[in-house]
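Biologist: I'm new to this one, so please walk me through it slowly. Start with the overall build, then take a close look at how the strands are put together.

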Amino acid sequence: MSIIVKIDNYSFMCADDSMSLLEAIEDQGIDVEYQCRQGFCGLCRLKLVEGKVTYFDEPIAFIPENYILPCCCKTKEDIVIEGTVPKEKTSV
Ligand code: FES
């Protein structure tokens, strides 16, 4: 099953259930700030507008309401998140 991830005005299909949401976003050539990639630092935090994510392990970093840590989660449903997508990117 393919999942649609919408970030800014860009959307893409996310099919690989084994990769983190951060890896899926990076695969699209979209940069997200990160450091630990394990849920410790909170640097990769993005705002979740719609949908739900599932964490591989419960993150240590504080996560404000309506935010997610894409480095240590994946999604099983269509989601909308806020991020910064390069202007030259267009949706597939
Ligand atoms: S990169 Fe550190 S919590 Fe995601």
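Modeller: Let's begin with the radius of gyration, taken over C-alpha atoms, and a globule rule of 2.2 Å times the number of residues to the power 0.38. For 92 residues, a compact globule would come out near 12 Å, and the chain has 12 Å, so the two agree. Along its principal axes, the C-alpha trace spans about 35 × 30 × 20 Å.

Keep in mind that this is a predicted model: local features need pLDDT of at least 70, side-chain atom pairs count only at pLDDT 80 or more, and totals for chains, interfaces and linings use all residues. Residue numbers start from 1 along each chain as its sequence is written. As for pLDDT, that's the predictor's confidence in each residue, from 0 to 100. The chain averages 91, and 96% of the residues score at least 70. Among the elements, S2 has the lowest mean, 92, and S5 the highest, 97.

Those elements are DSSP runs numbered from the N terminus: helices are H or I of at least four residues, strands are E of at least two. Here you get 1 helix and 7 strands, in the order β-β-α-β-β-β-β-β from the N terminus on. Counting contacts (C-beta atoms, placed from the backbone, within 7 Å of each other), residues 24 or more positions apart account for 53% of those with a separation of 6 or more.

Now for the sheet. Two strands pair if DSSP finds at least two bridges between them. An open sheet of 5 strands runs in the order S2-S1-S7-S3-S5, with mixed pairing. Its edge strands are S2 and S5 (67-68), each of which pairs on one side only.

Start at the S2 edge. S1 (residues 3-7) and S2 (residues 10-14) pair in the antiparallel sense over 5 bridges. If you follow the residues across, lysine 6 stands opposite serine 11 in S2, and isoleucine 7 is opposite tyrosine 10 in S2. The hairpin of S1 and S2 has 2 residues between the strands. One residue to look at in that loop is aspartate 8, with a positive phi near 60 degrees even though it's not a glycine.

How exposed is it? A residue is buried if 20 or more other C-beta atoms, placed from the backbone, lie within 10 Å of its own, exposed if 12 or fewer, and partly exposed in between. Aspartate 8 counts as partly exposed because it has 16 C-beta neighbours inside 10 Å. Over the whole chain, 26% of the 92 residues count as buried.

On to S7 (residues 79-82). S1 and S7 pair in the parallel sense over 3 bridges, and valine 5 stands opposite isoleucine 79 in S7. In a regular strand the side chains alternate between the two faces of the sheet. For S7, Ile79 and Ile81 make up the covered face, while Val80 and Glu82 are on the uncovered one. S3 (residues 46-50) is joined to S7 by 3 bridges and runs antiparallel to it; there, lysine 47 stands opposite glutamate 82 in S7.

One last spot, just before S5: asparagine 66 is in the loop between S4 (54-55) and S5. Asparagine 66 isn't a glycine either, yet its phi is positive, about 70 degrees. With 9 C-beta neighbours inside 10 Å, asparagine 66 counts as exposed.

Notes: Contact = placed C-beta atoms within 7 Å.
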